[in-house]
Amino acid sequence: MKIELLNVRIFISKNTVVTDAIGNHRNEWKPFYTCYATVSGEAGKEQTDAGMVVDDSNIDFTIRWCKKAAEIDSTHFRVEFNGELYNIAAVDHMNYRRKSIKLSCEKVRR
């Protein structure tokens, strides 16, 4: 893996359940991990849904492997990049060689 290709900073958040003072449970995104990544596979797509133009962009991030990054899965984590939020659709551990992890993401609809 060439280090100079890791040129963008991404922030990975984890979805956790938080209990407030009176016992209500709610989901909250808490910072989990931040690192540098390589961006690849950018595929922009727009479609019309109920009279609105919706951006369905897909993007892939490749990060270096570490124990903390190995915990990332597609159901409890999301990625923030350039102020935009991306849901993780798939996690590829690149043949489990412990060198890199590829996160296939899709843009969050808001």
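A residue counts as buried under 20% relative accessible area, as exposed over 50%, and as partly exposed in between. Cys 66 has a relative accessibility of 23%, so it counts as partly exposed. Cys 105, in contrast, has a relative accessible area of 2%, so it is buried. These values, like those that follow, come from a predicted model. A search of the whole structure found zero disulfides. Cys 66 is in no disulfide, and the nearest cysteine sulfur, that of Cys 35, lies 7.5 Å away. A pair of sulfur atoms must be within 2.5 Å to count, so this distance rules the pair out.

Strand E6 was examined next. It spans residues 77-81, and four of its five residues are buried, so the strand is largely enclosed by the rest of the structure. E6 has partners in E1 and E7. Four bridges join it to strand E1, residues 8-19, and the two strands run antiparallel. Within this pairing, Lys 14 has Phe 77 of E6 as its bridge partner. Four bridges also join E6 to strand E7, residues 84-92, and this pair is antiparallel too. Here Val 79 stands opposite Tyr 86 of E7.

E6 and E7 form a hairpin, with two residues between the strands. Asn 82 sits in the loop that connects them. Its phi is near 55 degrees, a positive value in a residue other than glycine. Most residues other than glycine have a negative phi. The relative accessible area of Asn 82 is 67%, so this residue is exposed. A second positive phi was found at Met 94, at about 50 degrees, and Met 94 is not a glycine. Met 94 belongs to the loop between E7 and E8. With 26% relative accessibility, Met 94 is partly exposed.

The largest nonpolar core contains 19 residues. Ile 10, Ile 12, Phe 61, Ile 63, Ile 72, Val 79 and Leu 103 have the most contacts inside it. Two or more core residues come from each of E1, E2 (25-43), E5 (58-64), E6, E7 and E8 (100-107). Val 79 shows how these parts meet. Leaving aside neighbours within four places in sequence, its contacts include Ile 10, Phe 11 and Ile 12. Phe 61, Leu 103 and Cys 105 are also among them. Further contacts include Glu 84, Leu 85, Tyr 86 and Ile 88.

Aromatic rings were then compared. The count came to three aromatic pairs. In one of them, Phe 61 and Phe 81 meet edge-to-face, at 5.4 Å centre to centre and with 70 degrees between the planes. Phe 61 lies in strand E5 and Phe 81 in strand E6, so the pair ties together parts that are 20 residues apart in sequence. Both Phe 61 and Phe 81 are buried. Phe 61 also pairs with Tyr 86, again edge-to-face, at 6.1 Å centre to centre and with 75 degrees between the planes. This pair links distant parts of the chain, with Phe 61 in E5 and Tyr 86 in E7, 25 residues apart. Tyr 86 is buried, as is Phe 61. Ring pairs thus join Phe 61, Phe 81 and Tyr 86 into a cluster. Elsewhere, a charged residue meets a ring. Lys 68 lies over the face of Phe 32, at 4.9 Å from the ring centre.

Technical notes
Residues numbered from 1 in each chain as written. Predicted model: local features only at pLDDT ≥ 70, side-chain atom pairs only at ≥ 80, totals over all residues. Heavy atoms only, no water. Buried < 20%, exposed > 50% of the residue type's maximum accessible area, 1.4 Å probe, protein only. Pairing = 2+ DSSP bridges. Core = buried A, V, L, I, M, F, W, Y, C linked by side-chain atoms within 4.5 Å. Contact = heavy atoms within 4.5 Å. Phe/Tyr/Trp six-rings, centres within 6.5 Å; stacked < 30°, edge-to-face > 60°. Lys NZ or Arg CZ within 6 Å of the ring centre and 35° of its normal.
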